[in-house]
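Biologist: I should like to learn how strands and charged pairs are read from a model. Could we begin with the terms and then turn to the case at hand?

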Amino acid sequence: EPSIAETGCPARRLWVEGTPVELACAASGNPPPRVTCDKLGDNQDTPPMSPNVTRAHAGTYQCRATNTHGSALRNVTVAVEYSPAAVTLRVVPSANISRGTSFSVECRAEGLPPPTYGWALPPAPNLRFAPDNRSVAVAAAAAANRGLYTCTASNRHGRRAGS
């Protein structure tokens with residue numbers, strides 16, 4: 001009967017968006033088994049997946065090793081990492097600020113691993129950055145706070161900015 005071991009078929013895989021899709025599992029048995037892997041929960045109606053990794057590839061796959069003596073199953077969980085995308089900035093309470101009022105600029109971005117944030121903005125003494133650097137608070141707005149606020153989200157796969 002076939003068997004699929006952790007060494008030939010790790011239960012967890014990490015793929016990077018844009019790289020070629022590759023899900024191979026080694027199985028043992030005599031005669032040598034045929035191995036197929038299918039994503040769980042996918043309908044037969046869905047269009048064929050891209051040959052390169054997309055976020056849609058994340059999920060659990062069931063690999064089946066089959067020979068004339070039977071079959072063995074193993075589930076493989078795939079996580080897909082990707083560079084920051086969809087960087088958005090939001091000014092709270094609004095982008096129209098009166099002199100002397102306080103406001104903050106918040107930055108959000110999708111990415112895996114979660115991105116870190118950096119800022120390019122008008123230099124002023126009344127700025128305070130959040131501990132995670134996702135937002136900057138401005139106390140008692142002055143002329144020095146006027147200008148372009150740009151947030152850059154970065155992870156090991158890339159960077160993207162929004163203003």
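Modeller: Buried means under 20% relative accessible area, exposed over 50%, and partly exposed in between (1.4 Å probe, protein chains only). Helices (H or I, at least four residues) and strands (E, at least two) are DSSP runs numbered from the N terminus. This is a predicted model, in which local features need pLDDT of at least 70 and side-chain atom pairs count only at pLDDT 80 or more, while totals for chains, interfaces and linings use all residues. Residues are numbered from 1 along each chain as its sequence is written, and side-chain values use heavy atoms, leaving out hydrogens and water.

Biologist: How many residues of strand β9 are buried?

Modeller: Five of the six residues in β9 (150-155) are buried, so the strand is mostly covered.

Biologist: Which strands pair with β9?

Modeller: Two strands pair if DSSP finds at least two bridges between them. Strand β6 (residues 116-120) is antiparallel to β9 over five bridges, with T116 opposite S154. Strand β10 (residues 158-162) also runs antiparallel to β9, joined by five bridges, and C151 faces G162 there. A hairpin of two residues connects β9 to β10.

Biologist: How is a salt bridge recognised?

Modeller: Side chains of opposite charge can pair when their charged atoms come close. The rule asks for a side-chain nitrogen of Lys or Arg within 4 Å of a carboxyl oxygen of Asp or Glu. The count here is five. In one of them, E6 meets R74 at 2.1 Å, N to O; E6 lies in the segment before β1 and R74 in strand β4, 68 residues apart.

Biologist: Is R74 buried or exposed?

Modeller: R74 is buried, at 17% relative accessible area, whereas E6 is partly exposed at 43%.
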